[in-house]
Amino acid sequence: MAIDQFVPVRCYNHTGKVAKIKRYPRHINRAIRKKAALWRRLRNSRTSDNKAAYYNQVATCKSLLFEYEKSKEMKVIKKSQVGAFYRYVNRRMTSKSGVGPLRHPNGGGTVVTDDSDKANMLNDYFCSVSIVDDGISPEFDRRVSSNVYLDAIDITRESILKFIQKSKAGTSPGPDGIPSSFLKQFKLSLLDPLLILFRYLAELGHMPNDWKLANITPVLKKGLASDIINYRPISLTSVFCKLFERMLQDKMLHYLFTNKLLSRQQHGFLAKHSTCTQLLEVVNDWSIALRNAHSVDVVYFDISKAFDTVSHHKLKEKLLAYGFEGKVLSLISDFITGRSQRVVLPNGFWHWSNLSSGVPQGSVLGPLLFLLYINDIVDLFTGEVSVKLFADDIKIYMETKDSS
């Protein structure tokens, strides 16, 4: 591949050392360079004046860096965007240490340290949670009238350019090895070829087989890091596939919101919704109940391996009931079926394995498809029972009056 042959993977300066890219403003970089110059002077001549000048500059640099970081945090706070706040906090608190030694589930406590062996164990586990559909189609009435549907998408140069500009430059590449930075750097040159490709796929109603491949990055969810059941698979797919997914997702969301098909109780994976919006609604309801001297009974549900056990057949039935037809339904059906994945670790990976169920975590369409799959669960709770959803996390509660 041309990228592997000609694009450097590391940045070197003229001395042969790895160059450190400074992301500070110009005045801070000047202060840091001055500190380095004063340190060289102090190293050559350890006088009291040189020492005082150096430590004064050290204090100045610390003060400038503190004010810079403080201003960044204040900008995040003033944005009033909960998602941006939590992303900033998570970046400061998360340690990207990879996957450590794993205990073999059937090996009597045997510890596995080789990356290839760990990839094999994790890949087998992730594939083992997939299910085979039982072939039974529960009754699910159509949610829209016969004249309301979405059967095609219109792709324009403006929409492609918009979503390229919105994409993040630092994301990891998929199995094709093409990074998102390549897409952003050559967006104007790629615009017309992508327009032809995407319009052809939209008209055909199918996706390339290479777009249905995913490199899996295991992410520790909770519990012991040595236990494979505590990891969840995050799919890294082609950046071109993600770009096409974003345009399809945009049309789907517009259709769903226009026809008010998504439950108001769902707070996951939707713009202007979060755990905070769900918590505010719940606290408001509970506060009113307590003010009226009533008690509240609460039950929490967490569906195990929810994304990985989505039945493709039943998901298609629900999509059809929500009015997704024609080429759009064909595109979505082709996207979720016939997928293959492999676990990739820094020093090893495992062979491709086929999946019989689930929607890919880490993809663009996956979260929205899961929301549609679980959307009608609120219909089970009627009367005085309230329900709040955040993806697969379900909270039901009911206000009860004191009989005394």
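This is a chat about salt bridges, a surface patch, cysteines and one tyrosine in a predicted model.

Student: How many salt bridges turn up in the whole structure?

Tutor: A search of the whole structure gives 11 salt bridges. Keep in mind that the model is predicted.

Student: Which residue does Asp133 pair with?

Tutor: Asp133 pairs with Lys314, with an N to O distance of 2.7 Å. The two sit in distant parts of the chain, 181 residues apart. Asp133 is in the loop between α5 (115-128) and α6 (157-166), while Lys314 belongs to helix α11 (residues 312-321).

Student: Is Lys314 buried or exposed?

Tutor: Lys314 is buried, because its relative accessible area is 17% and the cut-off for buried is under 20%. Asp133, at 27%, is partly exposed.

Student: Which residues are joined with Lys314 in a network? I'll take the other bridges after that.

Tutor: First, another bridge from the α11 helix: Lys318 meets Asp376 at 2.8 Å, N to O. Asp376 is in the loop between α13 and β9, and Lys318 is in helix α11, 58 residues away in the chain. Both Asp376 and Lys318 are buried. As for the network, Asp133, Asp134 and Lys314 are joined by salt bridges that share partners.

Student: What does Arg143 bind to in a salt bridge?

Tutor: Arg143 forms a salt bridge with Asp379, and the closest N and O atoms are 3.0 Å apart. This pair also links distant parts of the chain, with the two positions 236 residues apart. Asp379 lies in the loop between α13 (365-374) and β9 (385-390), and Arg143 in the loop between α5 and α6.

Student: And why does Asp379 count as partly exposed?

Tutor: Asp379 counts as partly exposed because its relative accessibility is 43%, and that class runs between 20% and 50%. Arg143 falls in that class too, at 35%.

Student: Changing topic. Which residues make the nonpolar surface patch?

Tutor: Met74, Ile77, Val82, Phe85 and Tyr86 make a nonpolar surface patch of about 430 Å². The elements that each give two or more residues to the patch are α3 (48-78) and α4 (82-93).

Student: Which element gives the largest share?

Tutor: That is α4, with 3 residues. Ile77, for its part, lies in helix α3.

Student: Now cysteines. How many disulfides are there?

Tutor: The count is 0 disulfides. Cys127, for instance, is in none, and the nearest cysteine sulfur, that of Cys241, is 19 Å away. The cut-off for a disulfide is 2.5 Å between the sulfur atoms.

Student: What about Cys276, how accessible is it?

Tutor: Cys276 is partly exposed, with a relative accessible area of 24%.

Student: Last topic, Tyr255. Where does it lie?

Tutor: Tyr255 lies in helix α9 (residues 239-258). Its relative accessible area is 7%, so Tyr255 is buried.

Student: Which residues does Tyr255 touch?

Tutor: Leaving aside residues up to four places away in sequence, Tyr255 touches Val144, Val148, Tyr149, Leu150, Leu261, Tyr322, Gly323 and Phe324.

Student: And how far apart are Tyr255 and Ile155?

Tutor: Tyr255 and Ile155 are 15 Å apart in space, C-alpha to C-alpha, and 100 residues apart in sequence.

Notes:
Residues are numbered from 1 along each chain as its sequence is written. This is a predicted model: local features need pLDDT of at least 70, side-chain atom pairs count only at pLDDT 80 or more; totals for chains, interfaces and linings use all residues. Side-chain values use heavy atoms; hydrogens and water are left out. A salt bridge is a side-chain nitrogen of Lys or Arg within 4 Å of a carboxyl oxygen of Asp or Glu. Helices (H or I, at least four residues) and strands (E, at least two) are DSSP runs, numbered from the N terminus. Buried means under 20% relative accessible area, exposed over 50%, partly exposed in between (1.4 Å probe, protein chains only). Patches are made of residues with over 30% relative accessible area and no salt bridge: like charges are joined within 9 Å, nonpolar side chains (Val, Leu, Ile, Met, Phe, Trp, Tyr) within 5 Å. Accessible areas come from the Shrake-Rupley method with a 1.4 Å probe; for residues, only the protein chains shown count as cover. Contact means heavy atoms within 4.5 Å.
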